[in-house]
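Hi everyone, thanks for coming. I'd like to walk you through a structure you probably haven't seen before, so let's put it on the screen.

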There are 2 protein chains.
Amino acid sequence: MRYLSGLNPISRVVEVLPMVRRVEEVEKVAVWDAAGRVVARDVVAPHDYPPFPRAAYDGYAVSSDATPGRFRVVGTVLVGQYKRDLSLRPGEAVYVTVGAFLPEGTDAVVPEEAAKREGEHVVVDRRFEKYANVDPPGSYVRKGTVMLRQGFVATPFDVVGLLDVGITTLYAYRKVKVGIVATGDELVVPPVDPEVAAELVMRGRVIESTASLVAWYIQTFMPYVEIREKVVTSDVHEEVRAVVDRHLAQYDAVVVTGGAGPSEIDHFYKLGYEGLRGFRMKPGRPTSVAVVDGKPIFGLSGYPISALHGVVRIVEPVLRHMANAARAPSHDWHYATVTQDVPGEMAQIVRVKLETAEGGLYATPLKARHHSFTEPEAGGVALIPPGGVKKGDVVLVLAYRDVRKL
Amino acid sequence: MRYLSGLNPISRVVEVLPMVRRVEEVEKVAVWDAAGRVVARDVVAPHDYPPFPRAAYDGYAVSSDATPGRFRVVGTVLVGQYKRDLSLRPGEAVYVTVGAFLPEGTDAVVPEEAAKREGEHVVVDRRFEKYANVDPPGSYVRKGTVMLRQGFVATPFDVVGLLDVGITTLYAYRKVKVGIVATGDELVVPPVDPEVAAELVMRGRVIESTASLVAWYIQTFMPYVEIREKVVTSDVHEEVRAVVDRHLAQYDAVVVTGGAGPSEIDHFYKLGYEGLRGFRMKPGRPTSVAVVDGKPIFGLSGYPISALHGVVRIVEPVLRHMANAARAPSHDWHYATVTQDVPGEMAQIVRVKLETAEGGLYATPLKARHHSFTEPEAGGVALIPPGGVKKGDVVLVLAYRDVRKL
């Protein structure tokens, strides 16, 4: 055997990290295009948001000092309209809809159902405090708050949260470019006639699915990687070499599936790269990695489960390092233990901070701000059933940051 | 208020299910195109796989009865080649590579490193049992085994597992067709100049992100739904009505974001549909659903977090029902408690059955078959660290079936 006596512990993958070239190129991208990108500079709020008091309910904007009282309704401000400069005189009110900025001179909203309309007047029969039913200036975010840290992968939730407070660009690292080379004379490559493919399998052929699974994993868990090409080659050594050489020249990393073993007909070792050949992992022992001019080339088994194992243990840590990603995205429902009571008669969805401790997932509810989606601390949203939950209860959480301890 | 006094408990969503039209159309699809589709008929293995003994190692295929012994190597069978009819005489062997079907007359593989090559002969100095280093016929799957049940959503893992044993087609329900209508005069719709958009937000406008988040959630968690159209309209009632009517005519369901509230300027209630208006959920109380000719129309808040809540609580159960989906896909790393010891010095990846009990996730390792990916019982793959784990330990699991109790 050409290497199986000297299999490497999987922990040796860390030795590869200092040898690969990390992405340094940074580009400014629109936030709505940023999901999946690695943030290159801390995203900092450039201003308070909202910049002015913002209606949290449909109703009448008034001066709190004048409540209780009777007001003449002199206009309407719908969400999206900018009428800060309406000059309200004492005793005047405007009708506002949720999300509208309040005109100067008003600081509270009397909900529609709490006011009595009398023609062009409205009667408010009790006191409303300053900022009652209003999101005060800066209540979503304060100028200078770090919204998203360098190294985090922007998620669809971050996109919403940033746009919500008017942050429309950020700096991101360019994506890591990867080529995938699936090798094997035995491969049948879809799309082909399914009936023919089925017959070929019964005659010993194999339908290509390993490289497809690898590509799926990369696209799902490493959105900061761009698969530039996925090609299938024969086992002819010269062909494999030519394709791998071209990919090495054009991309940041190359993943080869198949031919990773030690036998005569395997080709990965024949490429002659120096590196770690074979790992103490099962399945997937032939998994290999070499680095050429700062670019990793990975050799994976042709078997799907073995290749997947190699991707998770060896490929992902290296590509994540190259991409400068410190926290990866997540996209699933998880069970988590809540760390404090959440009372409430209605069904709720609450933003939560997620922490992994002793192997389990813990969710700490964050104080909700009216309609804001912006919460730099949050890593997910939890579903609270009607009636609320007690500390220690288990709830479903839609996580958007990787729950793995990296 | 037009409805807030009569909010519905969220449990009433089940009353909608018998009113909507489930998809009945079934189509035959290639397995490599089936990820995300709802399986319409149980997928049953049409034959044993492998059909013949299959090499699990590179080495020499021999008759076990003739071991120990000396064999003349008369040929080679590489994976993908079909040479069952090589007529081996007693005392003959062939070189085979992993995955190759063994020629008739052989039933065991002597690994390359366990044999001594002497010119055109090979010496085997100990006994090898029948099927040693061989995947026996039917060891991946037996004819008649249900590989994937009706109502399950095919995942990328199912695709690999089915192709692995030569199943290349399945019957799937057509996707549920959905139109999304985002409403609101306040909306700024990307792509636009990011700097201009940022200024508009400071003047009270809102960058459209709610409908985008809804679309992301549907695409991620309901791959059996096809978003045929996502349009943005003003708040002009006639425009909203015209677009919603067209979507209702063309698609199976319509999701409207914005204008879901009870105030004068809201329009969802003005559409006049009978149904459930407002739910006891927070945020997202204005969430509504009506059914017209078997087609649901959903009204969601214009606020992202409220709309997301409405999608999870109200939209998803209804669309899942229409799609005939009993088990949805999952795509994330989870922490799970293993239910039995998994010994082993090397790092491992093992297929596991996943069960939710008392709110936590439990993983039961399944007996691995050599290189097969096919395991109808599995719902994920677990990472076992070097040295193995004990029953009760927590491990990372890549789940591919929804962990939520539905």
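Let me start with a question: which residues does A:Val397 touch, not counting residues up to four places away in sequence? Keep in mind as we look that this is a predicted model.

Okay, here's the list. A:Val397 touches A:Trp333, A:His334 and A:Ala336, then A:Val352, A:Leu354 and A:Ala363, and also A:Gly380, A:Val381 and A:Ala382. I picked that valine because A:Val397 is one of the residues with the most contacts inside the largest nonpolar core, along with B:Ala382 and B:Val397. That core has 269 residues. As background, nonpolar side chains in soluble globular proteins tend to be buried together.

How sure is the predictor? Chain A has a mean pLDDT of 93, with 97% of its residues at 70 or more. For the complex, the ipTM is 0.94 and the pTM is 0.95.

Now, the two chains together. A turn of 180 degrees, with a shift of 0.0 Å along the axis, lays chain A on chain B with an RMSD of 0.0 Å. The two copies are thus related as by a two-fold rotation axis. If you're hunting for that axis, A:Asp332 is the residue of chain A that comes closest, its C-alpha at 3.0 Å.

And the contact itself? It takes 80 residues from chain A and 80 residues from chain B. On chain A's side, that's 46 nonpolar, 22 polar and 12 charged. The copies meet through the same surface, because 100% of chain A's interface residues are also interface residues in chain B.

One last detail: strand β23 of chain A, residues 347-357, runs parallel to strand β19 of chain B, residues 281-282, and two bridges join them. A:Ala347 has B:Met281 as its bridge partner there.

Key. Residues are numbered from 1 along each chain as its sequence is written. Chains are lettered from A and ligands numbered from 1 in the order in which they are written. pLDDT is the predictor's confidence in each residue, from 0 to 100. A nonpolar core is a set of buried Ala, Val, Leu, Ile, Met, Phe, Trp, Tyr and Cys residues joined through C-beta atoms within 7 Å. A residue is buried if 20 or more other C-beta atoms lie within 10 Å of its own, exposed if 12 or fewer, and partly exposed in between; C-beta atoms are placed from the backbone. Two residues are in contact if their C-beta atoms, placed from the backbone, lie within 7 Å. Copies are superposed by least squares on the C-alpha atoms of residues with pLDDT of at least 70 in both. Ala, Val, Leu, Ile, Met, Phe, Trp, Tyr, Cys and Pro count as nonpolar, Asp, Glu, Lys and Arg as charged, and the others, Gly among them, as polar. Two strands pair if DSSP finds at least two bridges between them. Helices (H or I, at least four residues) and strands (E, at least two) are DSSP runs, numbered from the N terminus.
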